[in-house]
Amino acid sequence: WETMKFIALSALLSLATADVYMHNPRGSNDRNCERNANRNNGNRLFDSQNNAAGGYACPRAVGDETTQNEDGIATFGGGITQDKKIYYYEGSVLPIEWTNQHGCGPNSKVNCEIIVQYMCEDTADPQVNNFWPWSQQKWGPNDAGQGNKAGEQAFRSNTNIASPRDGIPRDANDAATDTIPNNVESATPNTKETRRFGMHENYDYYDRCSHTERNKGLYTADQRMRRNDQRATRQNPNGNRNGYECPEERDYYPWWHPTPWIDVAVLTNEGPSKPCTGVTTTNSEYVCTGDGTLAEMHTNRCAYYLSNSQNKHKKGFCDAPSSGTATTKTDSQAWKQRKWYNNQADCEANGMEWKEISHDDILNGIDYPICGQTSFSRVNHLGNSMDDANIDASNYLADGTPQNNGQNVYLPESNNANRFVWTIPTIPTAKNGDANYFQAGMEEAYKSCTLRLRYNISTSDFPQWPADAMESESGWANAMVDHNNNTNLNRNKDDDPNTPLIQDPYIYTGAGDSATTGSQFVSLAVNTNQYGRTFQDRSYKFAIKKRPTSTSCDNPNDDLACRMADSPKIEVPGNNRIFNLNVRGKRGNIVQTYPSVEYDFVPNRLKLDTNNFVHFQWTGSDYNPRRGCNNGEGGPPDPNTFYTSANANKNSRADRSNIIFMNTMAENVPMDMLGVQSQDDISSNFDTAVTMSMSAIKANVPCGTNNDANMEDCYRAVQRLAYLNQQSDGGSLILRRDRKCLTEEELDQIKNKNERENHPLNCAKLNAKPYPYFDGGLMKMTQAGKYAYFGSRNNNFSNRDQTGIICVRNGDGSGCEDVDGVLQDQNNGVTTAAIRSKSFCNDEASDYSKGNNFGAASCITLDESILEAETQASTQADNDKIGDGNEEPCDTIIFFFQQATLEEKIGLAIALLFVGMGSAWGGYYTYNRIQARQNAGKKFAGNKKWKNAPAQDML
C-alpha cells in the first residue's frame, strides 16, 4: 500500500445509489437525438448508471444546425431567425422534479442524499488562465512561449459554444450520440463533425483527472483498482470513460479538488426541519445559519456539507510553479505515470506549486447551497413522494424573510414528484471585472448552462460518513471506513476481519437439521462496488436571462411572446415574483414512456398573489419513438413536409402542448372563449368578434382587467397559449410556403384518420408549429380567483390527464385554501361548451385489422345492424420498449388466425401445405444443382452407365 497524503476530507461520503430520472427540466439520461425507445450510448456525456429506457430525447426539431444550432437558433429564409432554447429569468422560481427508484427521506430502509448543481460556460470553458491547472494549449502568463489560448477560452470556436454543449446532428438521419474522442481537436467545435459531440466537463478537466493520482485513502472494499489515477474508483475500478467526466469527482461529494459545478442544494435525510442556508463558526465548529432556532436549522450533516462546498470553500490542486512552464508538469515522470500530486505536501516537496480556489474567490453573488430534508418515498418505486418536505425556495422573500414559516405558500402539493423549488440565481459579476474574467460578458456565459442531479442512498451495513458529518451521540461518529478496511488481497477474503463487506458472501444461519446434514448457509447478492455508487441525471442546455425591460410587445412574426405587465408593457419589477410553468413528459402511454412520464404541467397547481407573474414556456422533442392510436396525438409527421400529407399516415414522433382555460378541472372542454352563439358570428366582423371574445374571457382568466389596453394584451396572451401563434409564426409560414391552416371542411375531406390528425397543416392538433419549443411569455396575475386549464391535444380522459390550476389570492390572503391538503376547485358534474362542431368519424370498433381494444370509436350510421356472431377485440401492439416505436397506426399483436372464420383457417392450412411442399422441392433441386457443379469434369460426371459396366472397365 502506498501512503496517501491528502487533505483531511479525503475519506468522504461514499454512497450507494439507485436509478434517478429528472423530469423538469428535461433530463437526458445521456440521450441525444436517437429515435429509439432505449438510448444509443450510455457513455456519451456522463455516467448515469440508469436504465437505458429512461430520459427524454433532444429538445429540437429534426434536422442539422440550420434547423437549430447549439445556441438554439433556428434559421429561416427572409432573414428570420428564432430562438428555440429554454431559458429562465434570474430570480424566477423553477420546480426541479425527479423520481428516484430506491426510496428517500425519513425512510428507515435507506440513507439518502440529493445533490443539485449547475454549470455555465464561464466555469465550463473559462477564459482566465489560473482558474484551472495549466494545460498544453492554455499556459500561464509567465510562460515565455504562451499557449495559443492564453487569456482566451481554450475550446470555444468563434460563435460556436464548446462547453456545455449538447451536440448537433449532422443531418436528419443522424442521432449525434457518439462519445467525444479524447483529444483537443474533438473538443473544439470548429467543424460540423466536431459539433456533433456533446461536452459538459472539458478536455483539460479530464486530462488533469486522468493524470492525477487517485485518492488511495478511500474505502474500496475488495475491488481491484486497475488505474493509478482518478479514473479508478470503487464503482468504476477499470476507469471507464464517459465523456470528460472525472469518475472520482462523480462518485464523491464534497470532492477535494476544484470542479466547474456550482452547488445549488444538498438534501439529506439528516437535514433539519428548516433549511440551513449558511454556516458560521462557533467554538471552532461549523454551525448552520438560516431562519429559525439552532435546533430547527442545524444538523452536523448540513454544516459539514456547506462548510465544504466549493461555492465558498477553497479547493486545492497541484500545478507547475508560476516561474516555470506548463511543460514542467507535463514532462515530469509523475504526470507521465499518471501519479500527479493530489496533496499539498507531495506537491511542494517535488518543487511544484499548490493552488487553492473557490467560486466565491472569482465571482460576486455566489451563495452557500441550501441544505434541508429529503421527502419520504418508498423503495422499488419511481413515483411521487408523500409529503411536503421538499424545500420551496419561493416561500422566502429576496431578503430571506420567510412567508408562512416557509411552508407551502406558492406551489402547494402533498403528493407530487420529488421536488426542489429552485430560485434561479442572479447572473453573477466577476470580482476582477467581467472583461478580465469572461470577455464576452456574463450574460453571454449564462446563455449556456446545464443542471446536474445526483441521487445517493447508502445502507447501514458499515459507517460511511466522517465524524464532522455525524451527530455526536451517534455510535458511528468516529468509525468511518477508509483504506484500512479494504480487503487485503494477499490474504483469503474470508479471513480478513478488517473489511465489513465482501463480494457475494455466504452467511451461515444455522447448525443444520442434524449432525450429518451440515451447516445451513445462504448466498447474498452483494456487489461491493455498488455499496458506494452514484447515479445521476443531467438536463439539456438552458439559458439564464436578465428580467425583461422591453417597452413593447414583440413581433409575432419572430414567434416571441408579448411580455405582459402594466403599461408600458414590460419591465418586471424585481420584487415581483416570476413562476415558471413548464411541461414535463413525452409522447406515449404510461408504459411506453416509463421510466419517464406522460405529459403534465409543472407545476400543475399554483397559489399566487396579484402582481406575481407566470412565465409559460415548454419544450419537447421531434425524436421520440413513433406513437399513435390513442397513445400519441397529432403530428407533425416525420419527416415533416410542412404542408403535404406525404408522411402523415405513419405514426408521428412529435411533442406539442398548449394551454386553454376551462371552467373547472373536472371538465375536459374549454370555457366559452367567444361570447357568441354561432360560428357565423365569428366570421361576420372580425373586430366585433375580438371584442366579444375579450368580454367573454375577462372574468375567467388570471390576467383579466378592466383596463382596455391591458385587456388586449391579456386576450392576445390567452389566444397565443391556446393556438401557439400558428397563424402568424413567420418561420412556420416560410416552411409551409404561406399556406393557411386547414379549415374544418378541408380536414373532414381527409377520410383516413391518421393522415388527418398528423397532417402538418392541421392547426387544431397544433401540427403547424414546426418546433416543439414554445414561449408563451409572461402573464401578470391581476385578479383573484381560481383558473383551471388543460392541454387540448394531450388531455385524453381515462388515458392521460394534462390539466392544472392557477389560484390568485384575495388581498387578505384568502381564496386558495387547500381541500384535503391539495389545491382544488369545485366539481360541478356538468360540462358544457358554447360552440362545438362534430368532426369526421372513423369507425374503429369494427376494424379488426387494427388494434381496437382501447376505446375504439364506433360511428352512428343510418343503417344500424345488430351483431349476432361472437367478436373479440384486436390487441394493440403498444407497449414495446425496443426499436423506434410503431410506424403503422393501431398495429396489432394478435395474429389474424384468432379472428379468422373456419373457411379462412382451411384456406390458410392448404396454402401452408403448398408452401411446405414447394420449399422441400426447392431444397432438393438446389442440392442436386450444387452436387452437379462439384462433380463437373470428373470421369463419371453425369454418366450412370458405370453402374452396369464389367469390372475390368472400372479399372
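Cys-703 and Cys-714: buried or exposed? Both are taken up in point 4, after the other pairs.

1. This is a predicted model. The structure holds ten disulfides. Three of the pairs are covered in this note: Cys-33 with Cys-58, Cys-120 with Cys-449, and Cys-703 with Cys-714.

2. Start with Cys-33 and Cys-58. Their sulfur atoms sit 2.1 Å apart. The S-S torsion is about 125°, so this disulfide is right-handed. Cys-33 and Cys-58 both lie in the loop between β1 (20–24) and β2 (73–75), so the bond ties together parts that are 25 residues apart in sequence. Cys-33 is buried, and Cys-58 is too.

3. Next come Cys-120 and Cys-449. The sulfur atoms of this disulfide are 2.0 Å apart. The link is right-handed, with 100° about the S-S bond. Cys-120 belongs to strand β7 (residues 111–120) and Cys-449 to strand β18 (residues 449–458), so the pair joins parts that are 329 residues apart in sequence. Cys-120 has 1% relative accessibility and therefore counts as buried. Cys-449 has 0% and also counts as buried. The cut-off for buried is under 20% relative accessible area.

4. Last, Cys-703 and Cys-714. Their sulfur atoms are 2.0 Å apart. The torsion about the S-S bond is 65°, and the link is right-handed. Cys-703 lies in the loop between α15 (686–697) and α16 (708–723), while Cys-714 lies in helix α16, so the disulfide ties together parts that are eleven residues apart in sequence. As for the opening question, Cys-703 is buried, and so is Cys-714.

Note on methods: Residues are numbered from 1 along each chain as its sequence is written. This is a predicted model: local features need pLDDT of at least 70, side-chain atom pairs count only at pLDDT 80 or more; totals for chains, interfaces and linings use all residues. Side-chain values use heavy atoms; hydrogens and water are left out. A disulfide is a pair of cysteine sulfur atoms within 2.5 Å. Helices (H or I, at least four residues) and strands (E, at least two) are DSSP runs, numbered from the N terminus. Buried means under 20% relative accessible area, exposed over 50%, partly exposed in between (1.4 Å probe, protein chains only).
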